[in-house]
Amino acid sequence: MEKTFVMVKPDGVQRNLVGEIINRFERKGFQLVGAKLMVISNELAETHYGEHKEKAFFGELVDFITSGPVFAMVWEGEDAVTTARNLIGKTNPSEANPGTIRGDFGVIVGKNIIHGSDSLESAEREINLFFKQNELISYEKQV
Ligand code: CMP
């Protein structure tokens, strides 16, 4: 069983897409094990997107992701990292297939609605950045 980190970005929250996005992950068969509505600090944004530090759009990316509330989630399931990326669609919404979240709701790459971890290592790193262990639910303990 894998866990992955998924975050509805400020544009997705502002456009009231949180419910739609949760619905798609639930219908797919994943379990929500953590969730929080939050405003990201500059420090957290710079750490989260550290791999893009040298890119020309880094400043714009940090400004945008800290511009309003995001909805951070952890989803659990079989092959959760890859399957979540498939549900989300390609980074640039203009290349994302219809039926994916970015393909259905996004237009430009800088405001692409949602973020999803791109590997198991990223998922672990990002989950630990945004959530404490005691904020994650373990359904295995439930009878
Ligand atoms: P995300 O999956 O959150 O990971 C990195 C983000 O950088 C990506 O989604 C895009 O929103 C953003 N990004 C990538 N390319 C560009 C670009 N050319 N201009 C602005 N933002 C970009």
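This short report looks at a predicted model of a protein with a ligand, and at the residues around that ligand.

## How confident is the model?

Let's start with the scores. The protein chain has a mean pLDDT of 96, and 98% of its residues come out at 70 or more. For the model as a whole, ipTM is 0.93 and pTM is 0.95.

## Where the ligand sits

If you're hunting for the ligand, head for the largest pocket: that is the space it takes up.

Around the ligand you'll find Lys9, Tyr49, His52, Phe57, Glu60, Leu61, Thr91, Arg102, Val109, Gly110, Asn112 and His115. Sorted by character, this shell has five polar residues, four nonpolar ones and three charged ones.

## Polar contacts and burial

Some of these neighbours point polar atoms at the ligand's oxygens. Tyr49 has a polar side-chain atom 2.6 Å from a ligand oxygen. For His115, a polar atom of the side chain is 3.0 Å from an oxygen of the ligand. Asn112 joins in too, with a side-chain N or O atom 3.2 Å from a ligand oxygen.

And how much of the ligand gets covered? On its own the ligand would expose 450 Å², and the protein buries 81% of that area.

Key: Residues are numbered from 1 along each chain as its sequence is written. This is a predicted model: local features need pLDDT of at least 70, side-chain atom pairs count only at pLDDT 80 or more; totals for chains, interfaces and linings use all residues. Side-chain values use heavy atoms; hydrogens and water are left out. A residue is near a molecule or strand if one of its heavy atoms lies within 4 Å of it. A polar contact is a pair of N or O atoms within 3.5 Å; within protein, one must be able to donate a hydrogen and the other to accept it, and residues adjacent in sequence count only if both atoms are side-chain atoms. Accessible areas come from the Shrake-Rupley method with a 1.4 Å probe; for residues, only the protein chains shown count as cover. On a 1 Å grid over the protein atoms alone, a cavity is a set of points where a 1.4 Å probe fits but cannot get out, and a pocket is an open set with protein on both sides within 12 Å along at least five of seven lines; lining residues have an atom within 4 Å of a point. A molecule sits in a cavity or pocket if more than half of its atoms lie within 2 Å of its grid points. Ala, Val, Leu, Ile, Met, Phe, Trp, Tyr, Cys and Pro count as nonpolar, Asp, Glu, Lys and Arg as charged, and the others, Gly among them, as polar. pLDDT is the predictor's confidence in each residue, from 0 to 100.
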